[in-house]
Amino acid sequence: MDGVYVGKAGPDAAADRGWLLGHFKPAGDLRHSDEVEIKWGVHQKGERRGEWTEGERRTALLVLISGRFRLEFPEGDVVLSEQGDYVVWGRGVDHSWQAEEESIVMTVRWPSIPGYAVPAGP
């Protein structure tokens with residue numbers, strides 16, 4: 001079907017560190033967007049973001065699908081513990097995260113801006 005993409009979040013997300021949609025998908029791919037990014041994040045218990053995001057230039061929404069997930073902000077932490085719990089933060093809000101239990105989260109960020117990838121660990 002022209003103009004329709006059907007996929008599976010788990011396998012599709014594996015190609016771009018969890019990101020399903022955004023500027024990093026090839027031009028012409030329906031999942032390419034400079035307006036928004038969407039991530040299907042599967043995180044093991046104890047997994048943490050490699051470093052804080054500083055100088056954030058996007059707005060973000062993170063929704064807990066399953067597990068227990070902590071968002072860390074300069075002014076305090078937010079723990080998402082029930083399916084459907086979510087948090088939104090705006091431009092200029094530095095952040096990090098930790099999976100307190102094995103967790104699945106969906107993140108939506110806008111706009112889609114290159115340059116925020118955390119370098120891969122050893």
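Two aromatic rings of Phe, Tyr or Trp are taken as a pair if their centres lie within 6.5 Å. By that criterion, the structure holds 3 aromatic pairs. The model described here is predicted. This briefing covers its two open sheets, one of 5 strands and one of 3 strands, followed by the nonpolar core, the ring contacts and several individual residues.

**The sheet of five strands**

- The strands of this open sheet follow the order S1-S2-S8-S3-S6, and their pairing is antiparallel.
- Strand S1 (19-21) and S6 are the edge strands, each pairing on one side only.
- Neighbouring strands of this sheet are turned against each other by 20 degrees on average, with direction ignored.
- At the S1 end of the order, 2 bridges join S1 to strand S2 (residues 37-43), and these two strands run antiparallel. Trp19 has Lys39 in S2 as its bridge partner.
- S2 is in turn joined to S8 by 7 bridges, again in an antiparallel arrangement. Here Ile38 stands opposite Val108 in S8.
- Strand S8 (residues 103-110) is also joined by 7 bridges to strand S3 (residues 59-66), which runs antiparallel to S8. Two positions illustrate this pairing: Leu64 stands opposite Val105 in S8, and Thr59 stands opposite Trp110 in S8.
- On the S6 side, 4 bridges join S3 to strand S6 (residues 86-89), and the two run antiparallel. Leu61 stands opposite Val88 in S6.

**The sheet of three strands**

- A further open sheet has the strand order S5-S4-S7, with antiparallel pairing.
- Strand S5 (76-80) and S7 stand at the edges with a single partner strand each, so one side of each has no neighbour in the sheet.
- The twist from one strand to the next averages 20 degrees in this sheet.
- S4 and S5 run antiparallel and are joined by 5 bridges. Within this pairing, Glu72 has Asp77 in S5 as its bridge partner.

**The nonpolar core**

- The largest nonpolar core has 12 residues: Ala60, Leu62, Leu64, Phe69, Leu71, Phe73, Leu80, Val87, Trp89, Trp97, Ala99 and Val105.
- S3, S4, S6 and S7 are the elements that give two or more residues to this core.
- As general background, nonpolar side chains in soluble globular proteins tend to be buried together.
- Ala99, one of the core residues, has contacts beyond its neighbours within four places in sequence: these are His43, Gln44, Lys45, Gly46, Glu47, Arg68 and Phe69.

**Ring contacts**

- The structure's 3 aromatic pairs include Phe69 with Trp97, whose ring centres lie 5.3 Å apart. The planes of these two rings meet at 25 degrees, so the pair counts as stacked, the cut-off being planes under 30 degrees apart.
- This pair links distant parts of the chain: Phe69 belongs to strand S4 (residues 69-73) and Trp97 to strand S7 (residues 96-99), 28 residues apart.
- Phe69 and Trp97 are both buried, and both appear in the list of residues of the largest nonpolar core.
- A contact of another kind involves Arg31, whose charged end sits over the ring of Tyr5, 4.3 Å from the centre of that ring.

**Two glycines**

- Is Gly10 buried, partly exposed or exposed? With a relative accessibility of 40%, Gly10 counts as partly exposed, because that category lies between the limits of 20% and 50%.
- Gly10 is located in helix H1 (residues 9-14). From C-alpha to C-alpha, Gly10 and Leu61 are 19 Å apart in space, and they are 51 residues apart in sequence.
- Gly50 lies in the loop between S2 and S3. Its relative accessible area is 67%, so Gly50 is exposed, the limit being over 50%.
- Gly50 and Gln98 are 48 residues apart along the chain, and their C-alpha atoms are separated by 9.8 Å.

Note on methods:
Residues numbered from 1 in each chain as written. Predicted model: local features only at pLDDT ≥ 70, side-chain atom pairs only at ≥ 80, totals over all residues. Heavy atoms only, no water. Pairing = 2+ DSSP bridges. Axes fitted to C-alpha atoms, helices over the stretch in contact; angles between N-to-C directions. Phe/Tyr/Trp six-rings, centres within 6.5 Å; stacked < 30°, edge-to-face > 60°. Buried < 20%, exposed > 50% of the residue type's maximum accessible area, 1.4 Å probe, protein only. Lys NZ or Arg CZ within 6 Å of the ring centre and 35° of its normal. Core = buried A, V, L, I, M, F, W, Y, C linked by side-chain atoms within 4.5 Å. Contact = heavy atoms within 4.5 Å.
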